[in-house]
Amino acid sequence: MINPLSLLFGWVLDLVLGDPQRIRLRGHSRGVRLPHPVVCFGRMISFCEYRFNKGRFRKLKGAVVAVTLILLVFGVMWALRELFSMFTIPLSDGTRQPVLFYLFDMLLVFYCLAGTTLIREVRQVFLALDRSLDEGRRQVARIVGRDTSELSAQEVMTAALETLAENLSDGVVAPLFWLALLGTPGMLTYKMVNTLDSMIGYRTKRYRAFGCWAAYIDDVANYLPARLTALLMILVSGRLDLLSFVWCNGSNHASPNSGYPEAALAGILDCRFGGPHYYFGELFYKPYIGDHDRLLTKEDMLIAVRINRMTEVWMVGLVALTSWICC
């Protein structure tokens, strides 16, 4: 289990600094890029996809690549964590504490959580829309995989809020869920699973065979966290009457998981998500989530951000409490 203080300090770093790849330091107006494990994961996946996504047995090769990379990350992180735990530092009270071990865990939590960055990006989408539709389209393209060139202002806002709900699970609740189960090695391994899915887990001609196992594994890894996310969103909103709405609408999605947090937010905002979208030039029809096709506003974004933050606080508190009890 992680030390509760490592978790809390890592979470505070994310709240204050956001994405480690773009931290602004005094004297560096454009920001300073720090090394990020997910960038490394992306390069590993790209190399393997370029090397093996060709010829025969693409499905088998994709499965081997996904499982190998996942096990590699877990094994390396577990070994590093064990290594750091052996180095202890004497304290004034005569005890010895594995300070490097605690710092290592804290940094991994900081790198794995993405709540602050996502909220900043969604806010920027709405600010960009205030300036022009083209700016809004360009801004939302930073956080969604669909083609945004022809989106209306309403569709831009819908895409941003859908992503905010979906990534509350992928970027906050799921990493913390796997942190509670398997420690920081499990948390970082989940990030590899999620990166695999985001890069090759598509049902397009290029990735359908090679990336199907990456998508399956991601579905399994997110099954419980997605539903837990929806439950926490409902609890923090005080709208227990939405449980039946989420139960009925959560499966109205191409993903077996993403529909649940999206349904929770659609119910809270009393709006409609889903519908047809273009991905990599191909049209995909997504079922609608919710029935009230109303115009979204900036106020909806502020409510969604508040729900996200409160859900994040509850989840961090639950994991910290569990860690404190177990430690």
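Me: What covers the buried residues of α2?
Reply: This is a predicted model, so everything here is read from a prediction. The buried residues of α2 are Phe41, Gly42, Ile45, Cys48 and Glu49. The elements covering them include α3 (58–85) and α7 (153–200).

Me: How wide an arc do those buried residues of α2 cover around the axis?
Reply: In general, an α-helix has 3.6 residues a turn, so residues three or four places apart point the same way. The buried residues of α2, among them Phe41, Ile45 and Cys48, sit on the same side of the helix, because the arc they cover is only 135°.

Me: Which residues are exposed on the other side of α2?
Reply: One side of α2 holds the buried residues, including Gly42 and Glu49. Turn to the other side, and the exposed residues there are Arg43, Phe47 and Tyr50.

Me: How far apart are the end C-alpha atoms of helix α2?
Reply: Helix α2 runs over residues 37–52, which makes 16 residues. At 1.5 Å a residue it should span 22 Å. The model agrees with that, as the end C-alpha atoms are apart by 22 Å.

Me: Which residue lies over the face of tyrosine 50?
Reply: Tyr50 is one of the exposed residues of α2. At 5.1 Å from its ring centre, over the face of the ring, lies lysine 54.

Me: And how far from the ring centre of tyrosine 223 is arginine 227?
Reply: Here too a residue lies over the face of a ring: arginine 227 over tyrosine 223. The distance from the ring centre is 3.7 Å.

Me: Where is phenylalanine 57, and what is its phi near?
Reply: Phenylalanine 57 belongs to the loop between α2 and α3. It counts as exposed, because its relative accessibility is 55%. Most residues other than glycine have a negative phi. Phenylalanine 57 isn't a glycine, yet its phi is positive, near 60°.

Me: How many of the residues of helix α10 are buried?
Reply: Helix α10 covers residues 259–269, and its buried residues include Tyr260, Glu262 and Leu265. The helix is largely enclosed by the rest of the structure, because the buried count is 11 of the 11.

Me: What do the buried residues of α10 pack against?
Reply: Since α10 is largely enclosed by the rest of the structure, it makes sense to ask about its partners. They are α7, α8 (212–237), α9 (243–249) and α11.

Me: What phi does aspartate 270 take, just after α10?
Reply: Aspartate 270 is in the loop between α10 and β3 (277–279). At 43% relative accessibility it counts as partly exposed. It is not a glycine, but its phi is positive, at about 55°.

Me: Is asparagine 222, in helix α8, buried or exposed?
Reply: Asparagine 222 has its place in helix α8. Leaving out residues up to four places away in sequence, it touches Ser169, Asp170, Ala174, Tyr190, Asn194 and Asn257. Its relative accessibility is 2%, so it counts as buried.

Me: Which residues is threonine 297 in contact with, leaving aside neighbours within four places in sequence?
Reply: Threonine 297 sits in the loop between β4 (282–284) and α11 (298–326), and at 36% relative accessibility it counts as partly exposed. Its C-alpha atom is separated by 8.8 Å from that of glutamine 154, 143 residues apart along the chain. The contacts asked about are Phe126 and Met157.

Me: How many aromatic pairs turn up, and what kind do phenylalanine 110 and tyrosine 111 form?
Reply: A search of the whole structure finds 7 aromatic pairs. In the pair of phenylalanine 110 and tyrosine 111, the centres are 5.6 Å apart with 50° between the planes, and that makes it tilted.

Me: What kind of pair do phenylalanine 177 and tryptophan 178 form?
Reply: Phenylalanine 177 counts as buried, at 16% relative accessibility. Its ring centre and that of tryptophan 178 are 5.4 Å apart. The planes stand at 85°, so the pair is edge-to-face.

Me: Which residues does UniProt list for "transmembrane region", and how much of residues 62–80 is helix?
Reply: The unreviewed UniProt entry lists residues 62–80 and 100–119 under that name. In residues 100–119, the model has 90% helix and 0% strand. For residues 62–80, the end C-alpha atoms are 27 Å apart, strand is 0% and helix is 100%.

Note on methods: Residues numbered from 1 in each chain as written. Predicted model: local features only at pLDDT ≥ 70, side-chain atom pairs only at ≥ 80, totals over all residues. Heavy atoms only, no water. Phe/Tyr/Trp six-rings, centres within 6.5 Å; stacked < 30°, edge-to-face > 60°. Buried < 20%, exposed > 50% of the residue type's maximum accessible area, 1.4 Å probe, protein only. Lys NZ or Arg CZ within 6 Å of the ring centre and 35° of its normal. Helix = DSSP H or I, 4+ residues; strand = E, 2+ residues; numbered from the N terminus. Expected span 1.5 Å × (residues − 1). Arc of directions from axis to C-beta. Contact = heavy atoms within 4.5 Å. UniProt positions renumbered as here; feature names shortened; annotations may be inferred.
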